[in-house]
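Hello,

Here is the structure I promised to pass on to you. Have a look at it first, and then read on for what I found.

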Amino acid sequence: MTTPATLTAVPSVFIHCENCYAAGRLAGRWFGLDEIDEVTLATVHEGAGRVWPGCEEILVTDTSDMPLAREMSLAAAARWGECYEEAGTDRWHAVCAWVQSGCYTAEGTGDIPSLSDFEESYQGRWDSFREYAQQLADDIGLTDGWPDEAQRYFDWDAWTRDLAFDYTVADAPDGGLFVFRNF
């Protein structure tokens with residue numbers, strides 16, 4: 001198993017004022033997921049000069065280093081921020097890959113992943129699925145007690161190929177694979 005990539009920047013969202021956008025003014029900026037709780041109408045308008053009459057609604061319109069690239073409410077961004085804080089920087093890339101794979105479990109009716117299910121599903125970051133399969137075989141003692149002749153003729157390629165049906169793999173950002181056990 002290889003060491004996971006460490007996140008170098010906090011995932012972030014671009015939040016803008018809907019009224020200003022409709023009026024052709026850019027009133028918005030990037031906020032880290034760790035500062036979503038501090039976002040107000042006034043902080044969104046920093047750099048835009050002021051808050052104009054009619055400015056009431058703010059919306060997330062872009063994301064960076066998040067599993068889903070779509071518009072969302074400030075409340076949804078705050079839930080993603082909580083997810084990021086709980087997952088931690090060392091597991092965030094794996095959480096993103098799990099969500100992007102489509103084989104993840106969401107909490108409730110939204111798209112925030114269940115981190116307890118993630119922990120159960122996540123098998124680590126590996127250089128290849130074959131490497132994971134070999135380690136699993138060692139861990140479970142797959143061929144323990146087999147005669148040497150049986151071990152020599154065991155079809156590892158077929159076993160690994162069949163095993164892969166129970167897993168989802170996703171590319172890791174700096175090489176290797178994240179391996180997730182399917183439920």
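Let me start with a term: a residue is called buried when its relative accessible area is under 20%, exposed when over 50%, and partly exposed in between (1.4 Å probe, protein chains only). Helices (H or I, at least four residues) and strands (E, at least two) are DSSP runs, numbered from the N terminus.

Two notes on provenance. This is a predicted model, in which local features need pLDDT of at least 70 and side-chain atom pairs count only at pLDDT 80 or more, while totals for chains, interfaces and linings use all residues. Residues are numbered from 1 along each chain as its sequence is written, and side-chain values use heavy atoms, with hydrogens and water left out.

Now to helix H4, residues 92-101. Eight of the 10 residues of H4 are buried, so the helix counts as mostly covered. Those buried residues are Trp-92, His-93, Ala-94, Val-95, Cys-96, Ala-97, Trp-98 and Val-99. Their cover includes helix H3 (74-87), helix H5 (115-121) and the strands E4, E5 and E6. Right after H4 comes Gly-102, with a positive phi near 85°.

The strands in that cover belong together. They make an open, antiparallel sheet of three strands in the order E4-E6-E5, where two strands pair if DSSP finds at least two bridges between them. Strand E4 (122-126) and strand E5 (167-171) are at the edges, each pairing on one side only. On average, neighbouring strands here are turned by 20° against each other, direction ignored; axes are lines fitted to C-alpha atoms, for helices over the stretch in contact, and angles run from 0 to 180 degrees between N-to-C directions. H4 packs on this sheet, touching E4, E5 and E6, and its direction makes about 60° with that of E6. Contact here means heavy atoms within 4.5 Å. Five bridges link E5 to strand E6 (residues 177-181) in the antiparallel sense, and Val-169 has Val-179 in E6 as its bridge partner.

There is also an open sheet with the order E2-E1-E3, again of three strands with antiparallel pairing. Its edge strands are E2 (28-32) and E3 (58-64), and its neighbouring strands are turned by 30° on average, direction ignored. Strand E1 (residues 12-17) runs antiparallel to E2, joined by five bridges, and His-16 stands opposite Gly-28 in E2.

One last spot: Thr-143 sits in the loop between helix H6 (129-140) and helix H7 (148-153). Thr-143 counts as buried because its relative accessibility is 16%. Beyond its neighbours within four places in sequence, Thr-143 is in contact with Gln-151 and Trp-156.

Best wishes
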